[in-house]
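Please take a moment to look over the sequence and the structure together before reading on. The paragraphs below walk through the model step by step, from pairs of charged side chains to a helix, a hairpin and an annotated site.

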Amino acid sequence: MFSYTLDQTDLLIDLAQQKLHLPKLKKCYAISSGKNGVGEQENTGQTPRGWHRIEKKIGAEHPKNSVFIARQFTDEIYSPELAAQFPQRDWILTRILWLHGLEPGFNQGEGRDTFQRYIYIHGTPDTEPMGIPMSHGCIRMRNEEIIELFDLIPEQALVFLSETPLELI
């Protein structure tokens with residue numbers, strides 16, 4: 001079991017209510033998690049649960065709607081025309097917060113490793129719905145909001161993903 005005191009920059013993600021909270025800063029954002037539900041097993045498209053940390057922040061130097069593939073900027077800026085050209089693409093836009101699981105045997109290790117599964121908090125097209133699970137396992141956010149979050153939290157910030165509703169005071 002993981003015990004800690006809430007830090008100014010720690011994130012709580014309520015998968016049941018599709019919300020990301022920064023409690024100490026009194027911020028709350030709508031998200032979209034895995035369409036296939038929650039779970040840690042690789043190749044399931046599910047969103048992992050439990051304790052994580054922000055292992056790597058990617059995209060600070062790029063403009064809003066920058067397109068990333070395999071964590072690399074593609075030199076593309078998302079637009080409806082680009083979306084029509086690549087209708088099957090899973091759009092990872094603007095910023096990436098790459099998660100690393102902290103619980104060996106649960107969200108860390110062979111076949112269930114959040115970091116090796118490339119699970120991120122990232123931007124998505126503004127046409128995508130928030131508040132309902134629609135991703136391939138990542139946490140999607142509005143582009144303006146992922147920029148704000150990216151600027152507010154450091155690498156190594158703790159993140160807790162809960163499948164049960166969080167009661168926040």
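In this predicted model, K27 has a relative accessible area of 29%, and because that value lies between the limits of 20% for buried and 50% for exposed, K27 counts as partly exposed. A similar description fits E148, which is partly exposed with a relative accessible area of 31%. These two residues form a salt bridge with each other, and their closest N and O atoms are 3.6 Å apart. The pair links distant parts of the chain, for K27 belongs to strand β3, made of residues 27-30, while E148 belongs to helix α2, and 121 residues separate them in sequence.

How many salt bridges does the structure hold? There are 8 of them, and a few deserve a closer look. In one of these pairs, the side chains of E76 and R89 meet with 2.8 Å from N to O. This salt bridge also links distant parts of the chain, since E76 sits in strand β6 (residues 72-77), whereas R89 sits in the loop between α1 (80-85) and β7 (92-101), 13 residues away. With a relative accessibility of 18%, E76 counts as buried because the value is under 20%.

Another salt bridge brings together the side chains of E128 and R140, at 3.4 Å from N to O. E128 is part of the loop between β8 (120-123) and β9 (139-141), and R140 is part of strand β9, so this pair ties together parts of the chain that lie 12 residues apart in sequence. The partners differ in how they are placed: E128 is partly exposed, with a relative accessible area of 25%, whereas R140 is buried, with a relative accessible area of 6%. Salt bridges can also share partners, and in this way E40, R49 and E163 are joined into one network.

We can now return to helix α2, which spans residues 143-152 and whose buried residues are N143, I146, I147, L149 and F150. Why can these residues be said to line one face of the helix? Looking down the axis of α2, one finds the buried residues within an arc of 165°, so they line one face of the helix. The general geometry of helices helps here: an α-helix has 3.6 residues a turn, so residues three or four places apart point the same way. On the other side of α2, the residues E144 and D151 are exposed.

The backbone offers some further details. K26, which lies in the loop between β2 (19-22) and β3, has a phi near 55°, a positive value in a residue other than glycine. K26 is also exposed, with a relative accessible area of 76%. Q156, in the loop between α2 and β10 (158-162), is not a glycine either, and yet its phi is positive, at about 80°. Q156 is partly exposed, with a relative accessible area of 43%.

A positive phi appears once more in the turn of a hairpin, which is formed by β5 and β6 with 2 residues between them: A70, in this turn, has a phi of about 50°. Strand β5 (residues 66-69) runs antiparallel to β6, and 3 bridges join the two strands. Within this pairing, I69 has Q72 of β6 as its bridge partner.

Finally, consider an annotation that comes from a record. Which residues does the UniProt annotation "active site" cover? According to this unreviewed entry, the annotation covers H122 and C138. Although these residues are spread over 17 residues of sequence, they cluster in space, with a largest C-alpha distance of 7.5 Å. H122 is found in strand β8 and is buried, with a relative accessible area of 1%, while C138 is found in the loop between β8 and β9 and also counts as buried, at 10% relative accessibility.

The surroundings of these two residues complete the picture. If neighbours within four places in sequence are left aside, the residues in contact with H122 include W91, I92, L93, C138, R140 and I146. Two of these names have appeared before, since R140 is the salt-bridge partner of E128 and I146 is one of the buried residues of helix α2. With the sequence neighbours again left aside, C138 is in contact with residues including S32, S33, G34, T47, Y118 and H122.

Definitions and conventions:
Residues are numbered from 1 along each chain as its sequence is written. This is a predicted model: local features need pLDDT of at least 70, side-chain atom pairs count only at pLDDT 80 or more; totals for chains, interfaces and linings use all residues. Side-chain values use heavy atoms; hydrogens and water are left out. Buried means under 20% relative accessible area, exposed over 50%, partly exposed in between (1.4 Å probe, protein chains only). Helices (H or I, at least four residues) and strands (E, at least two) are DSSP runs, numbered from the N terminus. The arc is that of the directions from the helix axis to the C-beta atoms. A salt bridge is a side-chain nitrogen of Lys or Arg within 4 Å of a carboxyl oxygen of Asp or Glu. UniProt positions are given in the numbering used here, feature names are shortened, and annotations may be inferred rather than shown by experiment. Contact means heavy atoms within 4.5 Å. Two strands pair if DSSP finds at least two bridges between them.
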